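Please take a moment with the sequence and the model below before reading on. The paragraphs that follow begin at the ligand and then move outward to other parts of the chain.

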Amino acid sequence: MSDIPFIDLAAQQNRIRAKIDRRLDEVLRHGNYILGPEVQQLERELAQFSGVKHAITCGNGTDALLLALMALEIRTGDAVFCPSFTFAATAEVVPCLGATPFFVDVDENTFNLDPNSLRLAIGEARAIGLRPRCIIPVDLFGLPADYKQILEIAENEKLSVLADSAQGYGGAFHGQKTGSIGDIATTSFFPAKPLGCYGDGGALFTNDDHIAEVVISYRFHGKGADKYDNERIGMNSRLDTFQAAILLEKLAIYPDELSRRNKIAGRYSMGIKNDCIQTPFLPNGYKSAWAQYTLKAPDSNSRSIFMEALKKQGIPSVIYYPVPLHKQTAYRKFPRCSDGLATSEQLATQVFSIPFHPYLSESLQDSIIDVINNTMQQ
Ligand SMILES: *Cc1c(COP(=O)(O)O)cnc(C)c1O
């Protein structure tokens with residue numbers, strides 16, 4: 001075996017290529033490249049898909065987080081609570097507004113924000129003179145965060161919840177779709193995300209009319225009723241009409257792709273029977289979007305042995321994420337929970353993700369399962 005893709009975007013493109021070509025032709029014909037009719041249609045369809053009042057597209061998933069924090073009026077002196085075991089974009093936007101990211105540990109089984117660590121962090125942020133304002137739970141690898149506990153804590157402490165569903169869009173928490181959970185939810189259409197376009201793209205979701213109005217203004221230079229009447233200091237962050245056209249066709253097959261993802265994850269989890277390996281934990285009532293299928297080895301040495309064994313068969317695997325944010329150069333200076341974030345540090349030495357996409361053949365799944373089952377076993 002050779003050249004096995006970690007994520008196969010070509011298989012999906014083959015399926016919808018003719019429809020995408022027609023969509024792109026249509027954009028070339030009408031020529032509304034910025035906020036054209038495809039963008040409006042996509043925003044309506046995304047809102048409907050998520051079961052939320054407003055879906056507002058923008059330039060990328062990082063801008064979506066930034067626009068959300070701007071709409072929540074996050075500023076200097078505010079503490080924004082983020083998991084340390086995540087992609088940098090989650091925390092990156094916080095210092096952009098002069099606020100302080102406060103790092104919280106994650107749960108060893110779900111890999112998502114640990115509510116106990118969060119409770120501790122909120123008190124500790126106050127003790128060092130910060131104003132707790134917002135929590136950014138992340139749906140890591142596609143699994144929704146523990147929204148029941150996080151929303152409870154947010155309500156008690158009067159904090160906003162900004163759900164980073166860049167990896168979890170399409171998942172659900174006890175019947176409620178990600179995108180509709182929290183004061184604002186965001187996603188990314190980066191090509192490798194579960195719902196990706198062919199470039200950069202992102203979106204925000206909210207049921208709050210005021211937040212929606214402000215975000216629509218901020219993404220377009222802070223415009224008022226007229227685009228040359230600037231009411232706020234905003235930015236330029238819009239989804240290209242071409243990308244919206246592509247996303248319309250991708251969204252149409254997304255429910256089918258999500259069920260394929262679920263089926264493949266189920267097969268992996270049934271097939272992998274190796275005492276050294278922990279398969280992804282899916283709590284009752286959670287529906288994952290399966291952005292990644294991530295395994296947990298006992299330690300960094302055994303992880304290398306598994307990744308080597310896969311590599312020998314031409315099977316790629318990737319470590320998401322090798323260094324938790326609080327250990328990284330740009331983020332070391334920010335405060336963190338005094339419990340030490342031991343789980344984030346531990347997971348960074350243990351986890352690795354194996355090839356995963358909706359078009360992964362059963363025979364390839366079985367080969368991957370075999371390699372894992374036959375490694376480090378008697
Ligand atoms: C990808 C990602 C983002 C950022 O999305 P971009 O579109 O690449 O800017 C933010 N948060 C998480 C958890 C992500 O995985």
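**Around the ligand**

In the side chain of Q167, a polar atom lies 2.8 Å from an oxygen atom of the ligand. Taken alone, the ligand would expose 380 Å², and the protein buries 93% of that area. The model that shows this arrangement is a predicted one, and the distances and areas given here are to be read with that in mind.

Q167 has company in making such contacts with the ligand. The side chain of T62 places a polar atom 2.5 Å from an oxygen atom of the ligand, while in the side chain of D164 an N or O atom is 2.7 Å from a nitrogen atom of the ligand.

It helps to step back from these single contacts and to look at the surroundings as a whole. The ligand sits in the largest pocket, where 14 residues surround it, and the closest of these are G61, T62, D164, S188 and K193. When the residues of this shell are sorted by character, four are nonpolar, eight are polar and two are charged. Two helices can be picked out as contributors, since α3, which spans residues 61-71, and α4, which spans residues 89-96, each supply at least two residues of the shell around the ligand.

**A three-stranded sheet**

Turning to the strands, the reader can find an open sheet in which three of them follow the order β7-β6-β10, with antiparallel pairing. The strands β7 (176-177) and β10 (286-287) stand at the edges, and because each of them has a single partner strand, one side of each is left without a neighbour in the sheet. Strand β6, made up of residues 172-173, runs antiparallel to β10 and is joined to that strand by two bridges. Within this pair of strands, A172 has K287 of β10 as its bridge partner.

**Two details of the backbone**

Which residues does a cis peptide bond join? The bond in question links Y320 and Y321, and its omega is about 5 degrees. As for its place in the chain, Y321 belongs to the loop that runs between α10 (300-312) and α11 (342-350).

A second backbone detail concerns E73, a residue other than glycine whose phi nevertheless has a positive value, near 60 degrees. This residue, E73, lies in the loop between α3 and β2 (78-83), and α3 is one of the helices already met as a supplier of residues to the shell around the ligand.

How values were computed:
Residues are numbered from 1 along each chain as its sequence is written. This is a predicted model: local features need pLDDT of at least 70, side-chain atom pairs count only at pLDDT 80 or more; totals for chains, interfaces and linings use all residues. Side-chain values use heavy atoms; hydrogens and water are left out. Two strands pair if DSSP finds at least two bridges between them. Helices (H or I, at least four residues) and strands (E, at least two) are DSSP runs, numbered from the N terminus. A residue is near a molecule or strand if one of its heavy atoms lies within 4 Å of it. A polar contact is a pair of N or O atoms within 3.5 Å; within protein, one must be able to donate a hydrogen and the other to accept it, and residues adjacent in sequence count only if both atoms are side-chain atoms. Accessible areas come from the Shrake-Rupley method with a 1.4 Å probe; for residues, only the protein chains shown count as cover. On a 1 Å grid over the protein atoms alone, a cavity is a set of points where a 1.4 Å probe fits but cannot get out, and a pocket is an open set with protein on both sides within 12 Å along at least five of seven lines; lining residues have an atom within 4 Å of a point. A molecule sits in a cavity or pocket if more than half of its atoms lie within 2 Å of its grid points. Ala, Val, Leu, Ile, Met, Phe, Trp, Tyr, Cys and Pro count as nonpolar, Asp, Glu, Lys and Arg as charged, and the others, Gly among them, as polar.
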